[in-house]
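Good morning, and thank you for coming. Please look at the sequence and the structure, which I shall now show you.

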Amino acid sequence: MNITLKLFATLVAHLPAADRSSRQTRVVAPGGTSVLGLIQQAGLPLEHCTLVLRNGTFVHREALGAEPLEEGDVVAIWPPVGGG
């Protein structure tokens, strides 16, 4: 199934070079893949995936592996942010 993966801030470096300017890429994932499975498939360090949205809805850390993604889902992920 086709999933859109959007990555922000320092996570953009995990996207293919050609997709970094748009901060998103299309991922082909096997049926039954969860958000957690997508994170693992993309090679993202889980501890750097602080804010995760599925189709615009926040996904709690403990629910990342709970439900399978569906064709056309959009998963957006932000790392921890800091500031001062």
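Let me begin with strand 1 and strand 2, which pair in the antiparallel sense over five bridges. Strands here are DSSP runs of E with at least two residues, and helices are runs of H or I with at least four residues, both numbered from the N terminus. Two strands pair if DSSP finds at least two bridges between them.

Before going on, I should state how the model is treated. This is a predicted model, in which local features need pLDDT of at least 70 and side-chain atom pairs count only at pLDDT 80 or more, while totals for chains, interfaces and linings use all residues. Residues are numbered from 1 along each chain as its sequence is written, and side-chain values use heavy atoms, with hydrogens and water left out.

Consider now L5. Its bridge partner in strand 2 is T25, and in strand 5 its bridge partner is V75. Strand 1 and strand 5 pair in the parallel sense, over four bridges.

On the other side of the sheet order, strand 3 (residues 51-54) runs antiparallel to strand 4, and two bridges join them. There, R54 stands opposite T57 in strand 4.

How are the five strands ordered in the open sheet? The order is 2-1-5-3-4, with mixed pairing. Strand 2 and strand 4 (57-58) stand at the edges, each with a single partner strand, so one side of each has no neighbour in the sheet. Strand 2 also has two faces: T25 and V27 lie on the covered one, and Q24, R26 and V28 on the uncovered one.

I turn finally to the aromatic rings. Rings of Phe, Tyr and Trp (its six-membered ring) pair if their centres lie within 6.5 Å; planes under 30 degrees apart count as stacked, over 60 as edge-to-face and the rest as tilted. By this rule there is one aromatic pair. F8 and W78 form this stacked pair, at 4.4 Å centre to centre and 5 degrees between the planes. F8 lies in the loop between strand 1 (2-7) and strand 2 (24-28), and W78 in strand 5 (residues 74-78), 70 residues apart.

Key. Buried < 20%, exposed > 50% of the residue type's maximum accessible area, 1.4 Å probe, protein only.
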